[in-house]
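Dear colleague,

Please find the structure below, handed over for your use. My notes on what was found in it follow directly after.

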Amino acid sequence: EEKTCQDWLRAELASWRVYDKVDYWEKRKGRPNVAAVLKGAGGGRNLMFNGHSDVVPVPKESLPYWTTDPFGGEVREGRVYGRGATDMKGGVAAFIWATRIVKESGVVLEGDVVDTMTIAEESGEHDIGVDTIIERGYKADFLVNAEATNLQICPVGVGLYFFKLKVRGKPIHTSMKYKCSFPQPIGVQVPGVSAIDKMVKFITQFQELEREWAHRKKFQLVPLGASNLTPTIIRGGEYIGGISENCEVIYNVWINPDEKPEDSIKEIRAFVSRLAENDEWMKEHPPVIEAPAPEFPELWPSYSVPLDHPGASTLAQAYSAALKRDVKWGAFTAVADVVWTAKKGIPGLILGPGELTMGVHGIDEYVPIEHVVDCAKVYAEMILRWCGVSEVEA
């Protein structure tokens, strides 16, 4: 319900009378984006914040396992519970309140603050969401994306793509399994081949490849093993009493910032080809690999900002000043819209409340209130340091 959320957000921000402009637009009917601008007096650097307002669905099968209403926003033990609490309404709440705090404190900035709340991040449709910010005419010298990082500043993040592997077998009645699995007399052909059994070979070998990647693929700040392969959807078999003719699996692949999706895909294709060449059936009936997978054709690039970039160093200073503790650096091990704004010419990184382990895309999602408050403090300090202060009104 993107539109319901965005309509409410537009009205709420306008009612604050904090922003000089609250904008609202749709590239696809019924799916609006929102931007709110606090204008500076001039002469400073512009800062953009970004977050997405859309969330993943809550499957009805998982509802019995939630201990709260997924859309109730219950506050309990210092946490806000609900779908999207961490991913990523907590981050959006933090930066709009940071902007309000700065404005209501009487500070007149030199540069502009542009708060952007976009849609379609969870569905990967950046062309109707975050891309349209720049198309709408909004610009900034630096961007802070508020995805959940467990209060770590993440100047680097991994890339993502999906591939689909299809394996073909030879169907036969399951009672003939013994003639398919065990040696037969000379001149007797194997009557059936299980596509599912053949797919198991790939799944097992992909697990070995993943372990090998953990030793070979390393990048500064990125946790070891963050470059990996995960089977997310498997389909196989046609009839309960028949050996399967078809099996397919979709894999989610994460890659480090120093690797291009195209190069990783080339490695996967070669790996599949080598394994098939060593199998008598698959050598004659080669598997089909679709990369990227048609269900999610986007090749999601990684991002990397040098630690000495003015935006990164200023945010680090703001963090230490606001929270009175050392900066926690890290890597974002999921994907975020920061890569698309970077491609459009606005460099940026990620810092936000919550963590992806806090029920994100799962059950009982929550965000700690303390995280939201701490991020709001850091964001407010970043606004002052990055945009510059023109004057302080009495």
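Isoleucine 369 is part of helix 10 in this model, which is a predicted one. With a relative accessible area of 34%, isoleucine 369 is partly exposed, because this value falls between the limits of 20% for buried and 50% for exposed. Setting aside residues up to four places away in sequence, isoleucine 369 touches Val75, Gly78, Arg79 and Val80. Its C-alpha atom is separated by 52 Å from that of alanine 276, a residue 93 positions away along the chain.

Helix 10 also matters for the nonpolar interior. The largest nonpolar core comprises 81 residues, and Leu47, Ile96, Tyr379 and Ile383 have the most contacts inside it. Helix 10, spanning residues 369-387, supplies the largest share of this core, namely 10 residues. A second, separate core holds 28 residues, among them Val167, Leu275, Ala276 and Trp281. As for isoleucine 96, its contacts beyond four places in sequence are Leu9, Leu13, Trp16, Tyr19, Asp115 and Met117.

Turning to the aromatic residues, the whole structure contains 14 aromatic pairs. One of them is the stacked pair of phenylalanine 163 and tyrosine 251, with 5.2 Å between centres and 5° between planes. Phenylalanine 163 belongs to strand 10 (residues 159-168) and tyrosine 251 to strand 12 (residues 246-255), so the pair ties together parts that lie 88 residues apart in sequence. Both residues are buried, and they join Phe202, Phe206 and Phe271 in one aromatic cluster.

The charged side chains deserve a separate paragraph. In total, 23 salt bridges were counted. Aspartate 23 pairs with arginine 136, their closest N and O atoms being 2.9 Å apart. Aspartate 23 lies in strand 1 and arginine 136 in the loop between helix 3 and strand 8, so this salt bridge connects parts that are 113 residues apart in sequence. Aspartate 23 is buried at 10% relative accessibility, whereas arginine 136 is partly exposed at 42%.

Within helix 2 (residues 85-104), arginine 100 and glutamate 104 are 4 residues apart, about one helical turn, and form a salt bridge of 2.9 Å, N to O. Arginine 100 is buried, with a relative accessible area of 19%, while glutamate 104 is exposed at 53%. Arginine 100 also lies over the face of tryptophan 16, at 4.7 Å from the ring centre.

Lysine 217 is similarly placed over the face of tryptophan 213, at 3.7 Å from the ring centre. Lysine 217 further belongs to a network of salt bridges with Glu212, Arg216, Glu259 and Glu267.

With kind regards

Technical notes. Residues numbered from 1 in each chain as written. Predicted model: local features only at pLDDT ≥ 70, side-chain atom pairs only at ≥ 80, totals over all residues. Heavy atoms only, no water. Core = buried A, V, L, I, M, F, W, Y, C linked by side-chain atoms within 4.5 Å. Buried < 20%, exposed > 50% of the residue type's maximum accessible area, 1.4 Å probe, protein only. Helix = DSSP H or I, 4+ residues; strand = E, 2+ residues; numbered from the N terminus. Contact = heavy atoms within 4.5 Å. Phe/Tyr/Trp six-rings, centres within 6.5 Å; stacked < 30°, edge-to-face > 60°. Lys NZ or Arg CZ within 6 Å of the ring centre and 35° of its normal. Salt bridge = Lys/Arg side-chain N within 4 Å of Asp/Glu carboxyl O.
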